[in-house]
Amino acid sequence: MSVQRIDRNSVKQILDGYVQEQHSVVIKFYGTNCGYCHNLAPLYKKISDDYEDVLFYAFNMDEGQGFEDKYDFSGVPTICHIKTAGHNTRVSFLSEPEDPDGGDDGTWYHRQELIDFIEQNRQE
């Protein structure tokens, strides 16, 4: 599955539980001037190609100031998994790595770290 860019309103609807259908959704929050974010893009795309049953989105935080405070995360890149189901929507954030310079190909995260996070959350 390919990665789709998503707008502020759509992110808010997903995170706030307005999507009634059950889906497994992953959102990469990124910034225009974030080197880690740009380096993560090809890895995120490759991982998205391995999942036909998961929706992958990317949201530019330059368009969404205030999300960090409301959803209790800080900085970019941030990876979020959402299991949509209306009132029962579950939101999980991948923890920041202990060594941000230790990611694959200059990214913030390791490939296996992302896969494990997606697998754990889509199965629950």
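1. Proline 97. In this predicted model, proline 97 touches Trp108, Tyr109 and Glu113, leaving out residues up to four places away in sequence. Proline 97 belongs to the loop that runs between strand S5 (90-93) and H4. With a relative accessible area of 14%, the residue falls below the 20% limit and therefore counts as buried. Its C-alpha atom is 17 Å from that of glutamate 68, and 29 residues separate proline 97 and glutamate 68 in sequence.

2. Glutamate 96. Glutamate 96 is likewise placed in the loop between S5 and H4. Its relative accessible area is 48%, so glutamate 96 is classed as partly exposed. Apart from neighbours within four places in sequence, glutamate 96 is in contact with Ser74 and Trp108. Trp108 is also among the residues touched by proline 97. The C-alpha atoms of glutamate 96 and proline 77 are separated by 9.1 Å, with the two positions 19 residues apart along the chain, counted as a sequence separation.

3. The cis peptide bond. Which residue is joined to proline 77 by a cis peptide bond? The partner is valine 76, and omega is about 0°. Proline 77 is situated in the loop between helix H3 (67-71) and strand S4 (78-84). As given under the previous point, the C-alpha atom of proline 77 is 9.1 Å from that of glutamate 96.

4. Packing of H2 and H4. Two packed helices are described by the angle between their axes and the distance between the axes. For helix H2 (residues 35-49) and helix H4 (residues 111-123), the angle is about 45° and the axes are 11 Å apart. H2 and H4 are therefore oblique to each other, and their crossing is right-handed. On the side of H2, the contact is made by Leu40, Leu43, Lys46 and Ile47; on the side of H4, by Arg111, Leu114, Ile115 and Ile118. Sorted by class, the contact comprises six nonpolar residues, two charged residues and no polar residues.

5. Asparagine 121 and arginine 122. Asparagine 121 lies in helix H4, as does arginine 122. Is asparagine 121 buried or exposed? Its relative accessibility is 5%, so asparagine 121 counts as buried. Setting aside neighbours within four places in sequence, asparagine 121 is in contact with His81, Lys83, Arg90 and Ser92. On the same basis, arginine 122 is in contact with Ser24, Tyr51, Asp53, Val54, His81 and Lys83. His81 and Lys83 thus appear in both lists of contacts. Arginine 122 and histidine 81 are 41 residues apart in sequence, and their C-alpha atoms are 8.0 Å apart in space.

6. Aromatic pairs: phenylalanine 29 and phenylalanine 59. How many aromatic pairs does a search of the whole structure find? The search finds four. A pair of aromatic rings is described by the distance of the centres and the angle of the planes. One pair is formed by phenylalanine 29 and phenylalanine 59, at 6.1 Å centre to centre and with 80° between the planes, an edge-to-face arrangement. Phenylalanine 29 is in strand S2 (residues 23-30) and phenylalanine 59 in strand S3 (residues 54-60), so the pair ties together parts that are 30 residues apart in sequence. Phenylalanine 29 counts as buried at 0% relative accessibility, and phenylalanine 59 is buried with a relative accessible area of 0%.

7. Aromatic pairs: tyrosine 44 and phenylalanine 56. Tyrosine 44 and phenylalanine 56 also form an edge-to-face pair, with 5.5 Å from centre to centre and 75° between the planes. Tyrosine 44 is in helix H2 and phenylalanine 56 in strand S3, twelve residues apart, and the pair links these distant parts of the chain. Both residues, tyrosine 44 and phenylalanine 56, are buried. Ring pairs link Tyr44, Tyr51 and Phe56 into a cluster. Tyr51 is also one of the residues in contact with arginine 122.

8. Alanine 85. Alanine 85 is located in the loop between S4 and S5. Not counting residues up to four places away in sequence, alanine 85 touches Val19, Gln20, Glu21 and Gln22. Alanine 85 and histidine 23 are 62 residues apart along the chain, and their C-alpha atoms are separated by 7.3 Å.

Conventions. Residues are numbered from 1 along each chain as its sequence is written. This is a predicted model: local features need pLDDT of at least 70, side-chain atom pairs count only at pLDDT 80 or more; totals for chains, interfaces and linings use all residues. Side-chain values use heavy atoms; hydrogens and water are left out. Axes are lines fitted to C-alpha atoms, for helices over the stretch in contact, and angles run from 0 to 180 degrees between N-to-C directions. Helices (H or I, at least four residues) and strands (E, at least two) are DSSP runs, numbered from the N terminus. Angles under 35 degrees count as roughly parallel, over 145 as roughly antiparallel, 65 to 115 as roughly perpendicular and the rest as oblique. A crossing is left-handed if the near helix is turned anticlockwise from the far one by less than a right angle, and right-handed if clockwise. Contact means heavy atoms within 4.5 Å. Ala, Val, Leu, Ile, Met, Phe, Trp, Tyr, Cys and Pro count as nonpolar, Asp, Glu, Lys and Arg as charged, and the others, Gly among them, as polar. Rings of Phe, Tyr and Trp (its six-membered ring) pair if their centres lie within 6.5 Å; planes under 30 degrees apart count as stacked, over 60 as edge-to-face and the rest as tilted. Buried means under 20% relative accessible area, exposed over 50%, partly exposed in between (1.4 Å probe, protein chains only).
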